Structures are given as C-alpha cells and as structure tokens.
Amino acid sequence: MAAKKAAKKSAKKTARKKAAPKIKDPVFETVKIERSKGITFLIMNRPEKRNAMSPQLHMDMNDAIDYLSIDPATDVLVVTGAGKAFSAGQDIKLYFRGTADDPAARAKARRASNAWRWQKLSRFPKPTIAMINGFCFGGAFTQVCACDFAIASSTATFGLSEVNWGIIPGGIVSWNVGQVMNYRNAIYYATTGEPFNGKRAMEIGMVNKAVPAGKLKAEVMKLARLMQQKSPAAVRYTKEAIRSVRFMNEPEAADYLNAKSDALKHVDKEDSRGQGMSQFLDEKSYRPGLGHFERRNKG
Ligand code: ACO
C-alpha cells in the first residue's frame, strides 16, 4: 500500500516536472532572476554593498527588465534585494565618485539608471510588486514608486538620505515622492533625512502594506497569485489608465478612457468581459462585486 502511494507520488512529481520545463535565464553580474510558478523575482544582488546601485547594476537591470518584459512565463514581476537590504540607493563610490571625471560614463550610467528604475519598470506590461526587505535609501525610492504595488517588512529602514551628504533627491526621486506621499511628508523626510520604518512607510502612502519580516514573502506571493487570477489584459489596461490619467485634465481623461475601453475589447484574447458577463448573468456562478470570474479561456 505504502509502495503504491509512493509510486503515485513520484509519478505526480515527474508529471509536474515535465509540465514546467526549467527556464534557462541569462546570468548577470549584479542581478539575479528566480522563478516560482509564473511569479518572477528580479533581485538586486550586491548584498555586501547593501545592493547600492553601481553603473553595472543599472546596465544589468536594464537588460533583465527588457528580457522579462517579453517573457511569456512571467505573470507577475517582484523586484527585491538580496541579503539585508532592498537597496542602499546610488553607489556613492562607483556611481558618483567613479564617474565624476568622466562625463560620458556618468551620462551612460544616468541614462541606464533612469531607464530601468522609471521608464521601463513603470511601463512593465505585467503587474509589478516592490518587496522591500530591508534598507531602502535615496535613489531606490524610484523603483519602489515605479512598481504597481509595494509591500515592506515593517522593520525595513527607509530614508531620503540625500540631504545627509549634501545633495538633493535628484534623478526623479523628488517627483516620485511628491506623488506617493503628501506634500508635508515629502518635504519633511527629504529635508530632515530622517529614517522611517516600513510601518511608517505604509502610514504615509509610500507602500501598500507593512508586515513582519517573516511574513513578507508570503504576503507578496498572496498578492501575486491574486493578480494571476485576474484578466491580464484588464489588469494591464487598468494600470496604464490609472498611470496616464494622473497628468490629464478631465476632458482628456474622459476621451482617453473611452478609447482605452474600446481598445481593450480588441486586444483581450480571453474575452474577459464576455466571460465575466456570462458567468454572472447566465450561469450565476459568481458576483463581480465580491470576486473575479473564472479564467476558463486563457487566450
Ligand atoms: N554607496 C556606496 N557604498 C555603499 C552604499 C552606497 N549607497 N551603501 C552601502 N555601501 C557599502 C559600504 O561602504 C560598505 O562597503 P565596505 O564593506 O567596502 O566598507 C558596505 O556597503 C556595507 O555598508 P555598511 O555601512 O558597513 O553596512 P551597514 O549595514 O552598517 O549600514 C546602510 C547600511 C545604513 C545602508 C549604510 O551603508 C548607509 O548609510 N549607506 C548609504 C545610504 C544612502 O545614503 N544612500 C543614498 C545614496 S544617494 C542616492 O541614492 C541619490
């Protein structure tokens, strides 16, 4: 009986292995990719330097995000850091001092830095979650703000520390914090450089949630799995709509949203709208106010 059970278990395991062939991801010097059933972890990987962002890390993140943005096996992207830091911000030695006498190198690093942290990440086609596991300073605020969601360990340490060494929150950090925090808090934390923890980050709108360190990954996985159950086209168009209308006036927003709604009907290969409508009105199998439809036709 026990032998039969064991054989069954092993057959199941083999079938599972067959169903999900291991993906050979590119290898980067300062970034690593880890995967768990459609949820892809993009990890800044210089733990001995608290994942401070060197020019090399910026180049690697650019390449990794380009690669993952067209990766069919990624349903949700999680951005995080190795070891005890999310990221200690720009590498003061390699990014600032290292390029001080080389304008071309500085320009290249700055372009790469702005491209991945904002342009590429905020426009990533799938849901993105910043998982703030520890220190998060200065320039690292941009990638947190670029992600659709941010979940922090309640003991993570955040800080707009630029003022503490005589610079302003440059790149686009001042612009980022002016959007996620209210004006008073943005000015307060940027001019005092006072560190704050994950719990405070949640109170001031910097992150969605703060949870004990031991529960951080489970909380991120819960949200990522929820995103996997939603219509990918509807989620993508929703986040694009929310992002874009922030900078429009009312008539522009109304026009844009009309066009976006029409476009969604054409690009959504799953016909989520049709499935959702029929499961509610005909089958009466769910209530849209209380949950999502069942994705039976995945396009
Ligand atoms: N730039 C360059 N090197 C850094 C950075 C950074 N932003 N952060 C950490 N490191 C390096 C340290 O110099 C040290 O290197 P070493 O081992 O060769 O001496 C190593 O990482 C470990 O750092 P420690 O300070 O020893 O680690 P600790 O855990 O005690 O403190 C902390 C971590 C609080 C993050 C501290 O390193 C720190 O204050 N870093 C600077 C944070 C900051 O102000 N960032 C904003 C930069 S400005 C901007 O982003 C625009």
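**Two helices, one sheet and a helix across it**

Let's start with a pair of helices: α2 (residues 55-69) packs against α4 (residues 103-122) at an angle of about 40 degrees, and their axes are 9 Å apart. Keep in mind that this is a predicted model. Angles under 35 degrees would count as roughly parallel and those from 65 to 115 as roughly perpendicular, so α2 and α4 come out as oblique to each other. Their crossing is left-handed.

Who touches whom here? On the α2 side you'll find Pro55, His58, Met59, Met61, Asn62 and Ile65. Facing them from α4 are Ala105, Ala109, Ala112, Ser113, Ala115, Trp116, Lys120 and Leu121. Sort the residues of this contact by character and you get 10 nonpolar, three polar and one charged.

Now for the sheet. It's an open one of six strands, in the order β1-β2-β3-β5-β7-β10, and the pairing is mixed. At the edges sit β1 (31-36) and β10 (209-211), each of which pairs on one side only. Ignoring direction, neighbouring strands in this sheet are turned by 20 degrees against each other on average.

Take a look at the β10 edge. Strands in a sheet pair through backbone hydrogen bonds, either parallel or antiparallel. Which sense do β7 and β10 use? Strand β7 (residues 149-153) pairs with β10 in the parallel sense, over three bridges. To find your way in, pick Ile151: its bridge partner in β10 is Lys209.

Finally, follow the chain to helix α9 (residues 216-229). Helix α9 lies across β2 (39-44), β3 (76-81), β5 (128-132), β7 and β10, and runs at about 160 degrees to β7.

Methods
Residues numbered from 1 in each chain as written. Predicted model: local features only at pLDDT ≥ 70, side-chain atom pairs only at ≥ 80, totals over all residues. Axes fitted to C-alpha atoms, helices over the stretch in contact; angles between N-to-C directions. Helix = DSSP H or I, 4+ residues; strand = E, 2+ residues; numbered from the N terminus. Parallel < 35°, antiparallel > 145°, perpendicular 65-115°, else oblique. Left-handed = near helix turned anticlockwise from the far one by under 90°. Contact = placed C-beta atoms within 7 Å. Nonpolar A, V, L, I, M, F, W, Y, C, P; charged D, E, K, R; others polar. Pairing = 2+ DSSP bridges.
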